[in-house]
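Subject: Structure for your review

Dear colleague,

Please find below the structure that I am handing over to you. I would be grateful if you would keep it open while you read the notes that follow.

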2 protein chains.
Amino acid sequence: MIHDEHKDIVSHTKEKMPPTDTLFELADFFKVFGDSTRIRIMCALFEQELNVCCIADIVGMEQSTVSHQLRVLRQENLVKVRREGKQSYYSLEDEHIQKIFEMGLEHILE
Amino acid sequence: MIHDEHKDIVSHTKEKMPPTDTLFELADFFKVFGDSTRIRIMCALFEQELNVCCIADIVGMEQSTVSHQLRVLRQENLVKVRREGKQSYYSLEDEHIQKIFEMGLEHILE
DNA sequence: TTATCATATGAATATTTGTTCATATGTTCA
DNA sequence: TGAACATATGAACAAATATTCATATGATAA
């Protein structure tokens, strides 16, 4: 049970927080960064666009695995695709992603 | 199989990428942000330190659930604890966290 | 059209993860 | 010391997730 002297803080905090739906969306967004395969795919795309089999080679996983994960990245608007003949070239959607990536790196390298 | 014209790009990308272990660590770090309960706990702590039962009330989950998740946050150095009598007061470890949080928010609110 | 290559997708499986219940630990106060 | 409270933790369970295999789809060139 909450102590009387804390009741104000609790209700104040509840008011100040973003809407719950927003926080759920935010969690879903970060969930995408929370997998090593996806992180490595995104990292590979920092340099330039790449097609699926190049990505698979770089991260050392099956083409199928990579395709599945690229779909996840697409669904959260983190990458976009460009078709060229038989190949699909993937690239990052925006630079936010690299920024977030770098802030994470900073944190763990402390 | 990788086309000849892509071989250079692939090896160049592999060289430029951070070590695989680092990327695995990074994924583990972001994994912590990828759960709505933990996101809401962190968000509650932006304002001020809070004890466990206040946090449980704010996020509307069991005390036990919150304790388990606070342990996860502690293990990744995202929060710190201060004991005061029977209570444990949790607060954020640094401001990185709020920055990352805000960048994520920016992205999803686009 | 048919063969071949690049990518996407469905189903199955194994693993990870979050939550709960029950209980242990630690702290204060009578 | 013992009762009451706050928090932590172990075990069990349910749900979510990543990967693989097999195969479908889409595109090119012979």
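A polar backbone atom of A:Cys53 is 3.1 Å from a phosphate oxygen of DNA strand C. The model is a predicted one, and this applies to every distance given in this message. A:Ser88 also approaches the strand through its backbone: one of its polar backbone atoms is 3.2 Å from a phosphate oxygen of DNA strand C. With A:Tyr90, it is the side chain that takes part, as a polar atom there lies 2.7 Å from a phosphate oxygen of DNA strand C.

A:Tyr90 appears again when the whole surface near the DNA is considered. There are 28 residues around DNA strand C, and those that come nearest are A:Tyr90, B:His3, B:Arg38, B:Ser64 and B:Thr65. By class, the residues of this surface divide into five nonpolar, 14 polar and nine charged. On the side of the DNA, 67% of the atoms of strand C within 4 Å of the protein belong to sugar or phosphate, and the rest belong to bases.

Which elements supply this surface? In chain A, H4, helix H5 (63-75) and S3 each supply at least two residues, as do helix H3 (36-44) and helix H5 (63-75) in chain B. H5(A) gives the most, with five residues.

The second topic is the contact between the two protein chains. It takes 56 residues from chain A and 56 residues from chain B. The area buried between them is about 4900 Å², and carbon and sulfur atoms give 74% of it.

Between chain A and chain B, the count of residue pairs in polar contact is 12, with both residues at pLDDT 80 or more. The count of salt bridges between these chains is four. One salt bridge joins the side chains of A:Glu47 and B:Lys16, at 3.9 Å from N to O.

Several elements of chain A each supply at least two residues of the side that touches chain B: helix H1 (4-16), helix H2 (20-33), helix H3 (36-44), strand S1 (50-51), helix H4 (52-59), strand S3 (87-92) and helix H6 (96-108). The largest share of that side, 11 residues, comes from H2(A). Sorted by class, the side of chain A that touches chain B has 28 nonpolar, 15 polar and 13 charged residues.

Yours sincerely,
A colleague

How values were computed
Residues numbered from 1 in each chain as written. Chains lettered and ligands numbered in written order. Predicted model: local features only at pLDDT ≥ 70, side-chain atom pairs only at ≥ 80, totals over all residues. Heavy atoms only, no water. Contact = heavy atoms within 4.5 Å. Buried area = accessible area lost by both parts, 1.4 Å probe. Polar contact = N/O pair within 3.5 Å; in protein donor to acceptor, adjacent residues only side chain to side chain. Helix = DSSP H or I, 4+ residues; strand = E, 2+ residues; numbered from the N terminus. Nonpolar A, V, L, I, M, F, W, Y, C, P; charged D, E, K, R; others polar. Near = heavy atom within 4 Å.
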